[in-house]
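Thanks for making the time this morning. I would like to walk you through one model, beginning with its interior and then turning to its sheet.

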Amino acid sequence: MSDTPKGALYSPELLSLAVELAGSPYDAAAPLLGEARSRSCGSIIRISSHRDLAGLGLQAQACAVGQGAAAIFLRHAQGRSRQDIADTLAALETWLAGEGTLPDWPDLEKIEMARNFPGRHGAILLPWQAALDALSNSGDER
């Protein structure tokens with residue numbers, strides 16, 4: 001196996017995260033639906049939830065990095081407030097811009113190597129953006 005940057009990005013650990021998404025299917029009939037699309041790569045993440053990010057479902061049309069970020073989001077999103085999601089998104093944007101530290105969200109270190117690949121930054125942000133879109137439709141501003 002080559003020791004190229006691409007090889008370092010698409011590690012077995014990152015690729016295994018994508019498999020987790022199968023356990024949380026998107027439900028188009030759920031009351032809370034959100035979507036986000038990356039302008040840079042065209043990736044799309046759709047999130048469904050029945051209430052307050054409980055019973056989350058996700059549909060990802062994204063690269064392995066976007067799918068990995070989505071799996072990490074799903075692992076730890078339940079019970080989080082809209083403000084927590086927004087704060088984490090802002091911290092991710094700052095970190096990806098080369099400022100600040102890795103945000104305080106469990107398992108983000110599993111995609112830390114993607115920081116060196118600006119073309120993947122948009123895909124990393126999608127789960128948090130889609131969740132905010134879904135929560136903006138709920139009237140829940142906790």
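**The core and the sheet**

Since this is a predicted model, please take what follows as a description of computed coordinates. Its largest nonpolar core has 40 residues, and those with the most contacts inside that core are Phe73, Ile85 and Trp128. If we ask which elements give two or more residues to this core, they are α2, spanning 12-19, the strand β2, then α3 at 64-76, α4 at 82-96, and finally α5. The largest share comes from α5, which gives 9 residues. As general background, nonpolar side chains in soluble globular proteins tend to be buried together.

Let me stay with Ile85 for a moment. Once its neighbours within four places in sequence are left aside, Ile85 is in contact with Leu53, Phe73, Arg80, Trp105, Trp128, Ala131, Leu132 and Leu135, a list that includes both Phe73 and Trp128, which were named with Ile85 for their contacts in the core.

Now to the sheet, which is open and is formed by 3 strands in the order β1-β2-β3, with antiparallel pairing. The edge strands, each pairing on one side only, are β1, residues 32-37, and β3, residues 57-61, and from one strand to the next the twist averages 10°. Between β1 and β2, the latter covering residues 44-49, there are 6 bridges, and these two strands run antiparallel; one residue to look at here is Arg37, whose bridge partner in β2 is Ile44.

Finally, where does helix α5 pack? Helix α5, residues 121-136, packs on the sheet, where it touches β1 and β2, and its direction makes about 140° with that of β1.

Methods
Residues numbered from 1 in each chain as written. Predicted model: local features only at pLDDT ≥ 70, side-chain atom pairs only at ≥ 80, totals over all residues. Heavy atoms only, no water. Pairing = 2+ DSSP bridges. Helix = DSSP H or I, 4+ residues; strand = E, 2+ residues; numbered from the N terminus. Axes fitted to C-alpha atoms, helices over the stretch in contact; angles between N-to-C directions. Contact = heavy atoms within 4.5 Å. Core = buried A, V, L, I, M, F, W, Y, C linked by side-chain atoms within 4.5 Å. Buried < 20%, exposed > 50% of the residue type's maximum accessible area, 1.4 Å probe, protein only.
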